[in-house]
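Here are some worked exercises on one model. Have the viewer open, try each task, then go through the solution step by step.

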Amino acid sequence: MAGLTPVADALARVLEGAVPLPEEWVPIGSADGRILSRALASRRTQPPSDMSSMDGYAVRAADLPATLPVAGEAAAGRSFAGSMPGGTTIRIFTGAEIPDGADAVVIQEDVSRSGDMVTFRDRPASGQFIRRKGLDFAEGAPALAAGTRIEPRSLALAAAMNHATVPVHRRPRVAILSTGDELVEPGAEPGPGQIVSSNALALAAIVRREGGDATLLGIVPDRLDATLAAVRHARAERHDILVTSGGASVGEHDLMRQVIAEEGAEPSFWKIAMRPGKPLMMANLSGMRLLGLPGNPVASFVCATLFLSPLMRRLAGRTDILPLEEGAVLGVALGANDHRQDYLRASLIESNGKLVATPFPIQDSSMIRVLAEAEALIVRAPHASAAQAGEPCRIIRLAR
Ligand code: AMP
Ligand code: MG
């Protein structure tokens, strides 16, 4: 359809020139959720020497079967000093260094002990219950790639590799502005025709989940001076992104264009071939990107998912920036689609090992309750043909 920009083209434009933010070093204890700016190699070898993986007795396999005297003890952090004398055994515990001279561990359940004498009935394989030096990782080996998101498991690995600080990308600083004469803050008493502003809080929560710093700039009326002041404030505070919601109507468009012109830039407005959320605005104010989302709550959320999250991930240094699409099957029949890519709010259930996505009957882009209840967006390509219940579809899962 003439004049409508495909979603992928709009995303490419939003990402144009976006590169990961500069590096900084943070203590490992505060690195959760951050993105590594370079690969981390291990600073040590783990295990640092051959270790027992069981509680039992360290032996020389070739000595067995036999009854042997206990010559000493080795526990985690308390090694047996010296070599194990020939014809003896060493009491050993999980995580203890294997004494020199021993080459296997027999678990305590498989021996009989009387005083200091231990009877072994069978000969173990050499190496039994021994974790070899370097089994987990070796010093110098790259173990976490640049672009990795630090989460509980990678955090444990970085710590085990003895990194007290880690190199990460600076977190995106994102300001959020609501525009509209009709808006009041949650908790205020709306006058006639007014509504409570909800988009900004949702956007701030998305920004934080994407690892960014969110600053709420509040509500501005549809006036040049107020909007310009808010944009200047966001620039002065050195934000990487200013996200606005609202301002999609024709008069408000012109207002935004004027504001951005005052700041010496040229905004791009696109009508995107998607539903919900047709209008999108983008401007580059030397160092700060201004992303203008539509005011309709569902459109604002879907556009944030499709455009703001990937932009933030790119700035944060992530390599996986697109919303994850999965396969499911339709719970109901759908008619043929028109020229716009659809993002249908849907419920999700598992039935006979299949994910079944069923769109809510009313898809009005103002309906926040339906959005809050939805578990997925069904993605329908432009001009998709009619589909029966049970046919495959693509979904984006909505995080709870
Ligand atoms: P607009 O994009 O400004 O034309 O707004 C489209 C619709 O979204 C209108 O019904 C607005 O009242 C509504 N809207 C705009 N901003 C917000 C907001 N921050 N929270 C909730 N609804 C909004
Ligand atoms: Mg408005």
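**Exercise 1. Classify asparagine 162 by accessibility, then place it and check its backbone.**

Step 1: Asparagine 162 counts as partly exposed because its relative accessibility is 43%. The scale runs like this: buried is under 20% relative accessible area, exposed is over 50%, and partly exposed is in between, with a 1.4 Å probe and protein chains only.

Step 2: Look in the loop between helix H2 (152–160) and strand E13 (165–169), where asparagine 162 lies. Helices (H or I, at least four residues) and strands (E, at least two) are DSSP runs, numbered from the N terminus.

Step 3: Asparagine 162 is not a glycine, yet its phi is positive, about 70°.

Some ground rules before going on: this is a predicted model, where local features need pLDDT of at least 70, side-chain atom pairs count only at pLDDT 80 or more, and totals for chains, interfaces and linings use all residues. Residues are numbered from 1 along each chain as its sequence is written, chains are lettered from A and ligands numbered from 1 in the order in which they are written, and side-chain values use heavy atoms, with hydrogens and water left out.

**Exercise 2. Do the same for arginine 238 and arginine 131.**

Step 1: Arginine 238 sits in the loop between helix H4 (224–236) and E18. Its phi is near 55°, a positive value in a residue other than glycine.

Step 2: With a relative accessible area of 67%, arginine 238 is exposed.

Step 3: Arginine 131 belongs to strand E11 (residues 130–131) and, at 38% relative accessibility, counts as partly exposed. From C-alpha to C-alpha, arginine 131 is 9.2 Å from isoleucine 98, with their positions 33 residues apart in sequence.

**Exercise 3. Find which residue coordinates the magnesium ion, and describe the helix that carries it.**

Step 1: The magnesium ion (ligand 2) is coordinated by Glu252 (OE) and Glu252 (OE), at 2.5 to 2.8 Å. Donors are N, O and S atoms within 2.8 Å of the metal (3.2 Å for Na, K and Ca); water is not among the atoms, so sites may look incomplete.

Step 2: Glutamate 252 is in helix H5 (residues 250–262).

Step 3: Go along H5: its 13 residues reach 19 Å from first C-alpha to last, close to the 18 Å expected at 1.5 Å a residue. That expected span is 1.5 Å times one less than the number of residues.

Step 4: Now go around H5: Leu255, Met256, Val259 and Ile260 are buried. They are on the same side of H5, because they cover an arc of only 130° around the axis. The arc is that of the directions from the helix axis to the C-beta atoms. Val250 and Gly251, on the other side of H5, are exposed.

**Exercise 4. Work out the strand order of the six-strand sheet and check the pairings of E6.**

Step 1: The six strands form an open sheet, ordered E8-E5-E7-E6-E10-E9, with mixed pairing. Two strands pair if DSSP finds at least two bridges between them.

Step 2: At the edges are strand E8 (104–107) and strand E9 (111–114), each pairing on one side only.

Step 3: Strand E6 (residues 66–74) pairs with strand E7 (residues 89–92) in the parallel sense over four bridges. Valine 70 stands opposite threonine 89 in E7, and alanine 74 opposite isoleucine 92 in E7.

Step 4: E6 and strand E10 (residues 117–120) run antiparallel and are joined by four bridges. Here alanine 66 stands opposite phenylalanine 120 in E10.

**Exercise 5. Which strands stand at the edges of the seven-strand sheet?**

Step 1: Write out the order of this open sheet, E1-E19-E21-E22-E18-E14-E17; the pairing is mixed.

Step 2: Strand E1 (4–5) and strand E17 (213–220) are the edge strands, each with a single partner strand, so one side of each has no neighbour in the sheet.

Step 3: Inside the order, strand E14 (residues 173–179) and strand E18 (residues 241–245) pair in the parallel sense over five bridges, with isoleucine 176 opposite valine 243 in E18.

**Exercise 6. Locate the cis peptide bonds before proline 47 and proline 276.**

Step 1: The bond from glutamine 46 to proline 47 is cis, with omega near -10°. Proline 47 is in the loop between strand E3 (40–41) and strand E4 (51–52).

Step 2: From arginine 275 to proline 276 the peptide bond is cis, with omega near 0°. Proline 276 lies in the loop between strand E20 (274–275) and strand E21 (279–285).
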